[in-house]
Amino acid sequence: MAPDTQRATRFIQQREKNVNEPAQEPIIIVESVYKRFKRVHALSDVSLTVQQGEVVVVVGPSGSGKSTLLRCLNHLESVDGGRIIVDGIHLTDKATDINQVRAEIGMVFQQFNLFPHLTVLENIALAQRVVRKRGDEESEQVARDLLDKVGIPEKASNYPSQLSGGQQQRVAIARALAMNPKIMLFDEPTSALDPEMIKEVLDVMLALAQEGMTMVVVSHEMGFAKAAADRTIFMDEGRIIEVGVRDQLFTAPTHERTKLFLSKVLH
Amino acid sequence: MQNMPWWALILALLGLFLLFQILNNEDYHRAFVFLLAGIRLTVIITLTAYVVAATIGLIAGLGRVSDHLIPYTISTLYVELIRGVPMLVQLIYVAFVVVPMGISAINGLGGWILHVPALAGTLHGPAQWMVERSIRNVDMTTRGIIGLAIGYGAYEAEVYRAGIQSIEKGQMEAARSLGMNYFQAMRYIILPQAIRRVLPPLGNDFIAMLKDSSLLSALAVRELTQLGKLNRASTFRTFETWNTVTFLYLTMTVLLSMLVKLLERRLAID
Ligand SMILES: Nc1ncnc2c1ncn2[C@@H]1O[C@H](COP(=O)(O)OP(=O)(O)OP(=O)(O)O)[C@@H](O)[C@H]1O
Ligand SMILES: [Mg+2]
């Protein structure tokens, strides 16, 4: 734990320097977004901006709209009202090539969603070839480098079913990174994992945060929020209730609902 | 004793008995030799119609799972229409209504091209060919194959649809989140997984089609059943003829279903 904390402190100091620099256009702008599923208001008047290199952690009770918010950011769900601008591109515009935008946004799912019929290496290489039009050799090299980075180079020719949950999730992260995304979205990346595997995934995410990746992370892992979050957001019933700088939401929540929620999830 | 596959043993004994007859009894032997050409045509018809049906089925199956109204509507209409009509009626309908109508349409299109000056110059050859098509150019075997393919295409469409829908939603979402478009995701992620799940039902439908090809005897196509009828008519050996026909169908279907079972087991292991 100690080296992690050191790393994190250094990292936060770097971050604070960045904050003093002149503000640039946010890489994600969410403006008064509404999303409804039949009777359920999954998102109501949600607004949020994320700066380049920022790490935003989202928490909230089940059904509060965290996944929906994330899925709207790469247009896996379309919004019913408001607008979303990612890297200067309006997702709601009819003219927008959504596939091009998605290639710039990596997404990591709770259930990993690796492609079971492909080897680990092919999982990471496929979209590079199909979407990025890279050659076989290049995409394979990128895949191998990323497997090194997430710490499982020896699993390249295995199938996903032969890997532990933690290893699968690291492959999923590598698969997303292979597209060289500008933004990474994580939807409860560790909540399907056995406790002993959570750390190996969080470590990869932490390293990514320290490299300056823009990240929106739905997770109740306080350790990660402490070490990496620039802001933490609490959602309930489709709304953003409270936003805290770094991990202040956990240490000093102001809203009653936030306090109540935290008292339930933190032990 | 309970677990013994007695039925298989009895079936095998009956088969051996008939094989013995074919080799030793002159009536059986003559029937068998006469029917050989029918087996050949039955196999050709089934193979051809099946390849077409599997292709139509894939396309219509993709339409069935499409979010777009037009492909969804067309393929659903096709599936529902076909599934409500007996196979024999479909075959007759295709042979005597659809194909002649298709020929008229081709004639009409050719004539129209010849009347449009802008097209008549460059497309004169093909247009002339289209105008000259006649119903006599399409023999009954071809019409039967078209009918079987259209009919079975609807069933294969449902097989593919079920296979595609059995793949978890997360697979499509993961593929799309990487920037693949719908067709790339289908081609590289969904279909390769779906195919493994639909191979056994596709195999079973091949067997079903082999049996249904006997309906082409209603169009006087000289496949196995039709040759059975002809052999009976010329020899009056009813018993021997239909024993042999039945034996031949059973031999083919039993062998094929063993193959499908093998395939099923193989896929289950992976
Ligand atoms: N595809 C859908 N169809 C219908 N309702 C949906 C759909 N997706 C989400 N919802 C509803 O929208 C609301 C918000 O769901 P969402 O998945 O965003 O919540 P969440 O905060 O991610 O919850 P969890 O912590 O359980 O993952 C819930 O009430 C959910 O039932
Ligand atoms: Mg969720």
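Visitor: Which residues are around ligand 1?
Guide: A:Phe37, A:Val40, A:Ala42, A:Pro61, A:Ser62, A:Gly63, A:Ser64, A:Gly65, A:Lys66, A:Ser67, A:Thr68 and A:Glu188. A residue counts if one of its heavy atoms lies within 4 Å of the ligand.

Visitor: Ground rules?
Guide: This is a predicted model; local features need pLDDT of at least 70, side-chain atom pairs need pLDDT 80 or more, and totals for chains, interfaces and linings use all residues. Residues are numbered from 1 along each chain as written, chains are lettered from A and ligands numbered from 1 in written order, and side-chain values use heavy atoms, without hydrogens or water.

Visitor: How does that shell divide into nonpolar, polar and charged?
Guide: Four nonpolar, six polar and two charged. Ala, Val, Leu, Ile, Met, Phe, Trp, Tyr, Cys and Pro count as nonpolar; Asp, Glu, Lys and Arg as charged; the others, Gly among them, as polar.

Visitor: How far is an oxygen atom of ligand 1 from the side chain of A:Thr68?
Guide: 2.4 Å, to an N or O atom there. For the A:Ser67 side chain, the distance from a ligand oxygen to an N or O atom is 2.6 Å. A polar side-chain atom of A:Glu188 lies 3.2 Å from a ligand oxygen.

Visitor: How much of ligand 1 does the protein bury?
Guide: 61% of the 630 Å² that the ligand exposes when taken alone. Areas come from the Shrake-Rupley method with a 1.4 Å probe.

Visitor: Which element gives the most to the shell?
Guide: H2(A), with three residues. Helices are DSSP runs (H or I, at least four residues), and strands are E runs of at least two, numbered from the N terminus.

Visitor: Switching to chain B. Where is B:Arg133?
Guide: In the loop between helix H6 (124-132) and H7.

Visitor: What is B:Arg133 in contact with, beyond four places in sequence?
Guide: B:Ile103, B:Ile106 and B:Asn107. Contact means heavy atoms within 4.5 Å.

Visitor: And B:Gly110, how far between C-alpha atoms?
Guide: B:Gly110 and B:Arg133 are separated by 9.5 Å, at 23 residues apart along the chain.

Conventions. Polar contact = N/O pair within 3.5 Å; in protein donor to acceptor, adjacent residues only side chain to side chain.
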